[in-house]
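Here's a quick walk through a small model, heading by heading. Have the viewer open and click along as you read.

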Amino acid sequence: MTLTFSSGATHEVALRAAFLPGMSSRDIELPGPARAIRKVDLVYSRLIGGGTAKITLLGRGL
């Protein structure tokens, strides 16, 4: 996963799991001061059996 901040800086986050319906990742602590996230890029591959991905992003304001 790659986060792009409003300044244009990016931060790579390694997600090392296959997520099943209802699962979530760990809380992700971001380094540095608070800043706005402009974009989140996720790369995924299709698992055996196909299907579609539904992703919900949750954030916590400071």
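## A nonpolar patch

Leu15, Phe19, Leu20, Met23, Leu42, Ile55 and Leu57 come together as a nonpolar patch on the surface, and their accessible area adds up to about 630 Å². The patch rule takes residues with over 30% relative accessible area and no salt bridge; nonpolar side chains (Val, Leu, Ile, Met, Phe, Trp, Tyr) are joined within 5 Å, and like charges within 9 Å. Areas here are Shrake-Rupley values with a 1.4 Å probe, and for residues only the protein chains shown count as cover.

One of the patch members is leucine 20, which sits in the loop between β2 (10–12) and β3 (37–41). Leucine 20 has a relative accessible area of 54%, so it counts as exposed. The cut-offs are simple: under 20% relative accessible area is buried, over 50% is exposed, and anything in between is partly exposed (1.4 Å probe, protein chains only).

## What you're looking at

This is a predicted model, where local features need pLDDT of at least 70 and side-chain atom pairs count only at pLDDT 80 or more, while totals for chains, interfaces and linings use all residues. Numbering starts from 1 along each chain as its sequence is written, and side-chain values use heavy atoms, with hydrogens and water left out.

The protein has zero helices and three strands, giving the pattern β-β-β along the sequence. Both kinds of element are DSSP runs numbered from the N terminus: H or I over at least four residues for helices, E over at least two for strands.

## Overall dimensions

The radius of gyration is 13 Å, whereas a compact globule of 62 residues would come out near 11 Å. That value is taken over C-alpha atoms, and the globule rule is 2.2 Å times the number of residues to the power 0.38. Along the principal axes, the C-alpha atoms fill a box of roughly 40 × 20 × 20 Å.

How much of the protein counts as buried? Just 8% of the 62 residues do. The protein exposes about 5,700 Å², with carbon and sulfur atoms supplying 54% of that. Among contacts between residues at least 6 apart in sequence, 50% join residues at least 24 apart, a contact being heavy atoms within 4.5 Å.

## Two threonines in β1

Strand β1 covers residues 2–5 and includes threonine 2. Threonine 2 counts as buried because its relative accessibility is 18%. Its side chain makes a polar contact of 3.0 Å with the side chain of glutamate 12. For that label, a pair of N or O atoms must lie within 3.5 Å; within protein, one has to be able to donate a hydrogen and the other to accept it, and residues adjacent in sequence count only if both atoms are side-chain atoms. Skipping neighbours within four places in sequence, threonine 2 is in contact with Thr10, His11, Glu12, Lys39, Val40 and Asp41.

Threonine 4 is in strand β1 too, and at 11% relative accessibility it is buried. With neighbours within four places in sequence set aside, its contacts are Ala9, Thr10, Ile37, Arg38, Lys39 and Asp41.

## The salt bridge

How many salt bridges are there? The count is one, using the rule of a side-chain nitrogen of Lys or Arg within 4 Å of a carboxyl oxygen of Asp or Glu. Lysine 39 pairs with aspartate 41, and their closest N and O atoms are 3.7 Å apart. Lysine 39 is partly exposed at 42% relative accessible area, and aspartate 41 is partly exposed at 33%.

## Along the β2–β3 loop

Is valine 13 buried or exposed? With 8% relative accessibility, valine 13 is buried, and its place is in the loop between β2 and β3. Not counting residues up to four places away in sequence, valine 13 touches Met1, Leu3, Arg26 and Ile28. Its C-alpha atom is 22 Å from that of threonine 52, which is 39 residues away along the chain.

Alanine 14 is in the loop between β2 and β3 as well, and is partly exposed at 41% relative accessible area. The C-alpha atoms of alanine 14 and methionine 1 are 6.4 Å apart, with their positions 13 residues apart along the chain. Alanine 18, found in that loop too, is exposed at 52%. Alanine 18 and serine 45 are 27 residues apart in sequence and 9.8 Å apart C-alpha to C-alpha.
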